[in-house]
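Here are a few exercises to work through with the model open beside you. Try each task before reading its solution.

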Amino acid sequence: MTTAADGLAAMKLVLSAPVDVVVTDEIMPNLSGHEFCRFIRNSPSLAHLPIVLLSALERKDQTGEHANAFLPKPVSSDSLIECIEKLVKDSRERVKVKGEK
């Protein structure tokens, strides 16, 4: 697991290292979680990545327009792990199905 101190560092990280899943906070310095998610979805080489958005803010649209999952903070480690495992599994199954076509 690799972490970034802020949104810009996270952007640099996903561009320079292999990533299986992104877990981001909604509120970060320099680049918000929503802006970071939008960047990932608009990048052809990254758009496939599963994204978990964490937030202490209440939202009507829980996943936003770019995240695969939303978890309200505080989030338990068990809930986060379960969510990540499901998203990675679903992502791998989509890649497998695409490869069979």
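## Exercise 1: Val75

Val75 counts as partly exposed, because its relative accessibility is 28% and the class covers values between buried (under 20% relative accessible area) and exposed (over 50%), with a 1.4 Å probe and protein chains only. Before going on, note that this is a predicted model, in which local features need pLDDT of at least 70, side-chain atom pairs count only at pLDDT 80 or more, and totals for chains, interfaces and linings use all residues. Residues are numbered from 1 along each chain as its sequence is written, and side-chain values use heavy atoms, with hydrogens and water left out.

Task: find where Val75 sits and which residues it touches, leaving out those up to four places away in sequence.

Solution.
- Step 1: Val75 belongs to the loop between β3 and α3; helices (H or I, at least four residues) and strands (E, at least two) are DSSP runs, numbered from the N terminus.
- Step 2: With contact meaning heavy atoms within 4.5 Å, Val75 touches Leu54 and Leu80.
- Step 3: From C-alpha to C-alpha, Val75 and Phe36 are 20 Å apart, while 39 residues separate them in sequence.

## Exercise 2: His66

Task: decide whether His66 is buried or exposed, and list what it touches.

Solution.
- Step 1: Look in the loop between β2 and β3, where His66 lies.
- Step 2: The relative accessible area of His66 is 17%, so this residue is buried.
- Step 3: Setting aside residues up to four places away in sequence, His66 touches Cys37, Arg38, Arg41 and Ile51.

## Exercise 3: The sheet

Task: work out the strand order, and explain why β1 and β3 each have one side without a neighbour in the sheet.

Solution.
- Step 1: The open sheet has three strands in the order β1-β2-β3, with parallel pairing; two strands pair if DSSP finds at least two bridges between them.
- Step 2: β1 and β3 (69–72) are at the edges and have a single partner strand each, so one side of each lacks a neighbour in the sheet.
- Step 3: Four bridges join β1 and β2 (residues 51–55) in the parallel sense, and Thr24 stands opposite Leu53 in β2.
- Step 4: Helix α2 (residues 33–41) packs on the sheet and touches β1 and β2; its direction makes about 150° with that of β1. Axes here are lines fitted to C-alpha atoms, for helices over the stretch in contact, and angles run from 0 to 180 degrees between N-to-C directions.
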